Amino acid sequence: MSTPIDLITPPSTSQAPPSDVAGAATRINPDITHRHPAQVPEDAPAHVKPHHKRTLPIFSLEGKTCVVTGGARGLGYVMSQAFIESGANVAIVDLNGAEAQKSAETLTEAYKSSHPSDIPPKVTAHTCDVSDPQSVASTFQKILEVHEEIDVLVTSAGFTENFKAEEYPHSRMQKLWGVNVDGTYICAVEVAKEWIKSKKQGGSIIMVGSMSGSAVNVPQPQAPYNASKAAVRQLAASFAIEWAPHGIRVNCISPGYMMTALTKKIIDEQPDLYNNWVSRIPAGRMGNPVDLMGAVVYLASDASTYTTGADLRIDGGYTVI
Ligand SMILES: NC(=O)c1ccc[n+]([C@@H]2O[C@H](COP(=O)([O-])OP(=O)(O)OC[C@H]3O[C@@H](n4cnc5c(N)ncnc54)[C@H](O)[C@@H]3O)[C@@H](O)[C@H]2O)c1
């Protein structure tokens, strides 16, 4: 069961201040009064059928270990499933350790039931605050003890909040940047240090940015979030250059509006917001998290050995117009 999250409408001068929960004012049109559910629905594993279709072996992640921050739910959860289905072992790293543990078990069970004759991958859960360097250092140490090696890091831990710029509480802005920017930086450096020390060649870091790092999506006001995602995109490019001599690749995935369990609940209750968003997406629909599966497997695998410093936008064409 997901941890109850008290998500509250962003404040105007006449409203009570929001709770201090990270993401408390997430993705809300300030003109719409809406209180989020105490219970956020769970993300169900995607239905992936076992198959014998021919495909390039370089896309396989057989034998690799992938670390996914923010993997307990949402996009990180689906990307973890993509790795498991491609043959990788996975370490799910999340602030919410109980949910990470449940997600690890659910994904393992889903794999076992669709591949009953296979040895299931090793999927572990780790409680960690990515914005805290000590928490990250000890978590990666534990992951190495259990999995022996790390081949891929995905940084999906992050959140958004909507406040008018002139009303954004400074402490909340620091918290947002602490997770979205510092958290991405700290995790990437932690794994790169290990790879440089061990002279590993071929490590892949995939940062989860957003189309908001390249375009100002409306109507919700979210300047610090947009800036944080521009920073993530530029961190990926900068690290790609800095670590290329060590054989480390760094790329960014920039999703558009994705239909996770949380966003579905929100837009079910706010059809106007949904219609507003979709009217601006050339593809005519929100993205499904499974739309990220192929991209993240490509960037993690040997199919992308010459791809580094790229920003792969998966937004239904939103940022093209
Ligand atoms: N959902 C979308 O439409 C969308 C679109 C573009 C980009 N993104 C980005 O994708 C990433 C994932 O978003 P999501 O929709 O899956 O969100 P989500 O809220 O469903 O999942 C985020 C996960 O990150 C974890 N987390 C939060 N703070 C953390 C911390 N300090 N340390 C460790 N874990 C932490 C949460 O516990 C949660 O499990 C975010 O960076 C978000 O900005 C999402």
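**Figure 1. Helices H4 and H5 packed against each other in the predicted model.** Here we look at H4, which covers residues 170–197, and H5, which covers residues 223–243. Their axes sit 9 Å apart and make an angle of about 15°. The two helices are therefore roughly parallel to each other, since any angle under 35 degrees counts that way. As for handedness, the crossing of H4 and H5 is right-handed.

**Figure 2. The residues where H4 meets H5.** On the H4 side, look for Met173, Leu176, Trp177, Asn180, Val181, Thr184, Tyr185, Ala188 and Ala192. Facing them from H5 are Pro224, Tyr225, Ser228, Ala231, Val232, Leu235, Phe239 and Trp243. Sort this contact by class and you get 14 nonpolar residues, three polar ones and no charged ones.

**Figure 3. Alanine 227, a residue of helix H5.** Is alanine 227 buried, exposed or partly exposed? It is partly exposed, because 17 other C-beta atoms lie within 10 Å, and the buried label needs 20 or more. Serine 212 is worth picking out in this view too: its C-alpha atom is 8.0 Å from that of alanine 227, and the two residues are 15 apart along the chain.

**Figure 4. Helices H3 and H4 and how they cross.** H4 also packs with H3, the helix made of residues 133–147. This time the angle is about 40°, and the axes are 10 Å apart. H3 and H4 are therefore oblique to each other. The crossing of this pair is right-handed. From H3, the contact uses Pro133, Val136, Ala137 and Phe140. H4 brings Ile186, Cys187, Glu190, Val191 and Glu194. By class, that makes seven nonpolar residues, no polar ones and two charged ones in the contact of H3 with H4.

**Figure 5. The shell of residues around the ligand.** There are 30 residues around the ligand. Which of them come nearest? Those are Gly70, Gly74, Ala157, Gly158 and Ser210. Three elements each give two or more residues to the shell: helix H1 (74–85), H4 and helix H6 (261–269). The largest share comes from H1, with three residues. Across the whole shell, the classes split into 14 nonpolar, 13 polar and three charged residues.

**Figure 6. Valine 154 in strand E4.** Strand E4 spans residues 152–155, and valine 154 is part of it. Valine 154 counts as buried because it has 30 C-beta neighbours inside 10 Å, and 20 or more is enough for that label. Threonine 69 is 85 residues away in sequence, yet the C-alpha atoms of threonine 69 and valine 154 are 6.2 Å apart. Leaving out neighbours within four places in sequence, the contacts of valine 154 are Cys66, Val68, Thr69, Gly76, Met79, Ile206, Val208 and Val296.

**Figure 7. Zooming out to the chain that holds these close-ups.** What does the chain contain in the way of helices and strands? It has eight helices and seven strands. Of its 321 residues, 45% are buried, and valine 154 counts as buried as well. Now take the contacts between residues at least 6 apart in sequence: 75% of these join residues at least 24 apart.

Definitions and conventions: Residues numbered from 1 in each chain as written. Predicted model: local features only at pLDDT ≥ 70, side-chain atom pairs only at ≥ 80, totals over all residues. Axes fitted to C-alpha atoms, helices over the stretch in contact; angles between N-to-C directions. Helix = DSSP H or I, 4+ residues; strand = E, 2+ residues; numbered from the N terminus. Parallel < 35°, antiparallel > 145°, perpendicular 65-115°, else oblique. Left-handed = near helix turned anticlockwise from the far one by under 90°. Contact = placed C-beta atoms within 7 Å. Nonpolar A, V, L, I, M, F, W, Y, C, P; charged D, E, K, R; others polar. Near = placed C-beta within 6 Å. Buried ≥ 20, exposed ≤ 12 C-beta atoms within 10 Å, placed from the backbone.
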